Protein chains: 4
Amino acid sequence: MEATGPPVRESVEFTRIVAFTDGVFAIAITLLVLSLEVPADLRGADLHEFLVDSWPQLFAYFLSFAVIGRFWISHHVIFSLLEDFDRRLIVLNLVYLSLVVLVPFPTELLGDYGDQPDSVVLYAAVVGTAALLSWLMVRTSLHRGYVHTEQRVRAQHTAAGLVGATVVFYISIPVALLSPLAGQLFWLVMVLQGRVSPRARAR
Amino acid sequence: MEATGPPVRESVEFTRIVAFTDGVFAIAITLLVLSLEVPADLRGADLHEFLVDSWPQLFAYFLSFAVIGRFWISHHVIFSLLEDFDRRLIVLNLVYLSLVVLVPFPTELLGDYGDQPDSVVLYAAVVGTAALLSWLMVRTSLHRGYVHTEQRVRAQHTAAGLVGATVVFYISIPVALLSPLAGQLFWLVMVLQGRVSPRARAR
Amino acid sequence: MEATGPPVRESVEFTRIVAFTDGVFAIAITLLVLSLEVPADLRGADLHEFLVDSWPQLFAYFLSFAVIGRFWISHHVIFSLLEDFDRRLIVLNLVYLSLVVLVPFPTELLGDYGDQPDSVVLYAAVVGTAALLSWLMVRTSLHRGYVHTEQRVRAQHTAAGLVGATVVFYISIPVALLSPLAGQLFWLVMVLQGRVSPRARAR
Amino acid sequence: MEATGPPVRESVEFTRIVAFTDGVFAIAITLLVLSLEVPADLRGADLHEFLVDSWPQLFAYFLSFAVIGRFWISHHVIFSLLEDFDRRLIVLNLVYLSLVVLVPFPTELLGDYGDQPDSVVLYAAVVGTAALLSWLMVRTSLHRGYVHTEQRVRAQHTAAGLVGATVVFYISIPVALLSPLAGQLFWLVMVLQGRVSPRARAR
């Protein structure tokens, strides 16, 4: 325990931060549905066509649901490792959340304009930076001695997964400038990489 | 206890999953009101007419409120049976929630285009699949030995109710293709069936 | 304890219902802000005029914030009296919440069309019925013996306040049909009556 | 303990108020993203231009995220000091929250019309008054003896920070009437002043 500030982990304080964060995740993930808008005054065949043409929006919805869901699981893991925290972690957590909360905006862009580089680049930048900040929280916790010695390996493993996610999304930016579709396919690497790490953890 | 992964049920972890899930349910159910939009610039008689014509939207609102409310009660029952859980259940829970969160979208469609087959089919597909995933959570919990022996009968009873809901909504799909109204009437079977099972449980 | 069903008050169950309800209240009260819309493409003087003309929307916002806030405080009191609960109370609570969640819709109507009887009538009907259901929860709890003997007087006092709110809003309906403004002034009685009851309780 | 009302701090009551407040903060901060709207039917270059022109909206989003985040941290500190509370604090808390919840409205105005005095004035008035009410909560808690003797210095320190924020935002109102930009620059004083106080606290 090499905390520079006073130890502030009291049950109520910690619980409030976790509850607030979970609340923000829950709301951000639920607001994704608002990107699916129902147009007024469609007739029979038009409604059918509208629904068939909605697949990019539905793809963006499920993609972002998975992305925010994974961030939430990571956060869950990170906070289960903490034995202490300080104001810097609270602030980092808020900065991180400001990007998670932003996700519905690039999601709507991706659904509506997924064939254009700007949308894919913005999406990758927001998600990649959120992963980076998430990694920074783990690193800060390790550096300040807030992670119990027995859990340090697990924390480093989580950090490695978050670096991986950051790299995948950042690399997809130049790719998307060349081909928006290729940028999105690149993200599947993330999903696969993501699926590997929890199994590794379960062992 | 035949858990393949390490037992991860610690108070904070479990509480966070439940709190996150309850948060998502609470938000999804509350966002339903956003499907009721107030048009600008209506005059006296037009406002009256608008409100009178809003009954399909209000019907869709209360129907979906009841549907999400029932899903929440089921989830409540399912999680009260659990003695343990693993990452697969967390992931299943997230996939399930991605459909619960989607409900406001088909609700708005149903309110605006309830006389067209596409709306009724999409609504039934989303709700039916959510019920299916809910059943899958119970089945996985039973299979992996996360339900206490004394509670297995109650879990099987809950599972049976969820299969029933799945079947009702899936059967309503071909019905709705023939007649959207008939498809919606068919759902009343669900409501009645739903009302029977909690009483059965209360005995 | 004359509960007809099995006692289901276990810490987690009760906590989840309370947390879900608080979540719904918190979201419904926060969604009120969405009734305040910012129009696009206003120029200097137009923006000023728009803001000056926004007072009915702001009035409706603060009124509904106070109404939902008071409902939340009542719910708070009601649930602090409970020693037990059953499925009927859960269902009543959901029906009650379906009206609380609806409040942003008549709020937007009231803000935009407060000079027309339909808006005031709908607002009064939704709020009055929510108060009625709230009273029904207290009465059911008393009837089924879920309130501790020492708390019965306080519960009856709370019930009386809720009946008062119901009556005020229902009486305002015919008043609003004659004069929408008079109907809204009538509600001030509710606010005053409401301010009396907590002081009475605090003694 | 010189509480004039009956001591009502029981675990469940206090927890519900805190949970409700955290819920409201979490939702208000998340709804900020809804001020970022995606226009329909943009073509390649137009999308790029739209995103480049979105920086005032993004600035307003991150500013309000920081403002609500700071309010939440203050609230967090205030409530960690309390040993008791009464109905007046609950009501003050609700009035305070009615302004926090309102923040997305002036945020959207600021994003869309940040070059016009009205937007900056309204933003400053809402945020300044929220800070004032926050200070009033601390003062009431101190006055009624709800803060433990050892924590009074910390409470007075928090109160001083909130008075500072109130003054900064209120002073920015006449400044904004002369120059909207100058008014917004003035707020940076708040941010700097805000950054000083937590460090002071950490000592």
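**Figure 1. Chain A of the predicted model, with its confidence.** Chain A averages a pLDDT of 85, and 87% of its residues get to 70 or more. This is a predicted model, and for the complex the predictor reports an ipTM of 0.85 along with a pTM of 0.87. As for the fold, chain A has 8 helices and 0 strands, so to read along from the N terminus is to read α-α-α-α-α-α-α-α. Of the 203 residues in chain A, 48% count as buried. Take the contacts in chain A between residues at least 6 apart in sequence: 79% of them join residues at least 24 apart.

**Figure 2. Two stretches of chain A with pLDDT under 50.** One is residues 1–10 of chain A, where pLDDT stays under 50. The model still gives residues 1–10 of chain A 21 contacts beyond four places in sequence. The other stretch shown is residues 195–203 of chain A, again with pLDDT under 50 throughout. For residues 195–203 of chain A there are 5 contacts beyond four places in sequence. A word of caution for this view: where pLDDT is low, the predicted coordinates shouldn't be read in detail.

**Figure 3. Helices α3 and α6 of chain B, side by side.** Here α3 (residues 55–81) and α6 (residues 117–143) of chain B pack at an angle of about 5°, and their axes are 10 Å apart. That angle makes α3(B) roughly parallel to α6(B). Which residues do the meeting? From α3(B) come B:Val67, B:Phe71, B:Ser74, B:Ile78 and B:Leu81. Facing them from α6(B) are B:Val127, B:Ala130, B:Ser134, B:Met137, B:Val138 and B:Ser141. Sort the residues of this contact by class and you get 8 nonpolar, 3 polar and no charged.

**Figure 4. The loop after α6 of chain B, centred on B:Gly145.** B:Gly145 sits in the loop between α6 and α7 (152–178) of chain B. Is B:Gly145 buried or exposed? Neither, quite: B:Gly145 has 15 other C-beta atoms within 10 Å, so it counts as partly exposed. Look for B:Asp84 in this view too, since B:Gly145 and B:Asp84 are 61 residues apart in sequence but 8.3 Å apart in space, going C-alpha to C-alpha.

**Figure 5. The α3 and α6 pair in chain C.** In chain C, the axes of α3 (residues 55–81) and α6(C) come within 10 Å and cross at roughly 5°. α3(C) and α6(C) are therefore roughly parallel to each other. On the α3(C) side, find C:Val67, C:Phe71, C:Ser74, C:Ile78 and C:Leu81. They meet C:Val127, C:Ala130, C:Ser134, C:Met137, C:Val138 and C:Ser141 of α6(C). This contact of α3(C) with α6(C) has 8 nonpolar residues, 3 polar ones and no charged ones.

**Figure 6. Where chain C touches chain B.** Chain C puts 27 residues into this contact, and chain B puts in 27 residues. On the chain C side, at least two residues each come from α1 (11–31), α4 (87–102), α5 (104–113) and α6 (117–143). The largest share of that side is 10 residues, and α1(C) supplies it. By class, the residues of chain C that touch chain B split into 17 nonpolar, 4 polar and 6 charged. How do the two copies relate? A turn of 90° with a shift of 0.0 Å along the axis lays chain C on chain B, with an RMSD of 0.0 Å. That's the relation of a four-fold axis. The copies use different surfaces here, with 11% of the contact residues of chain C recurring in chain B.

**Figure 7. Where chain D touches chain C.** This contact draws 27 residues from chain D and 27 residues from chain C. In chain D, the elements giving two or more residues are α1 (11–31), α4 (87–102), α5 (104–113) and α6 (117–143). Which of them gives the largest share? α1(D) does, with 10 residues of the side that touches chain C. That side of chain D has 17 nonpolar, 4 polar and 6 charged residues. To superpose chain D on chain C, rotate by 90° with 0.0 Å of shift along the axis, which gives an RMSD of 0.0 Å. Only 11% of the interface residues of chain D are also interface residues in chain C, so the copies meet through different surfaces.

Note on methods:
Residues numbered from 1 in each chain as written. Chains lettered and ligands numbered in written order. Predicted model: local features only at pLDDT ≥ 70, side-chain atom pairs only at ≥ 80, totals over all residues. Contact = placed C-beta atoms within 7 Å. Helix = DSSP H or I, 4+ residues; strand = E, 2+ residues; numbered from the N terminus. Nonpolar A, V, L, I, M, F, W, Y, C, P; charged D, E, K, R; others polar. Least-squares fit on C-alpha atoms with pLDDT ≥ 70 in both. Axes fitted to C-alpha atoms, helices over the stretch in contact; angles between N-to-C directions. Parallel < 35°, antiparallel > 145°, perpendicular 65-115°, else oblique. pLDDT = per-residue confidence, 0-100. Buried ≥ 20, exposed ≤ 12 C-beta atoms within 10 Å, placed from the backbone.
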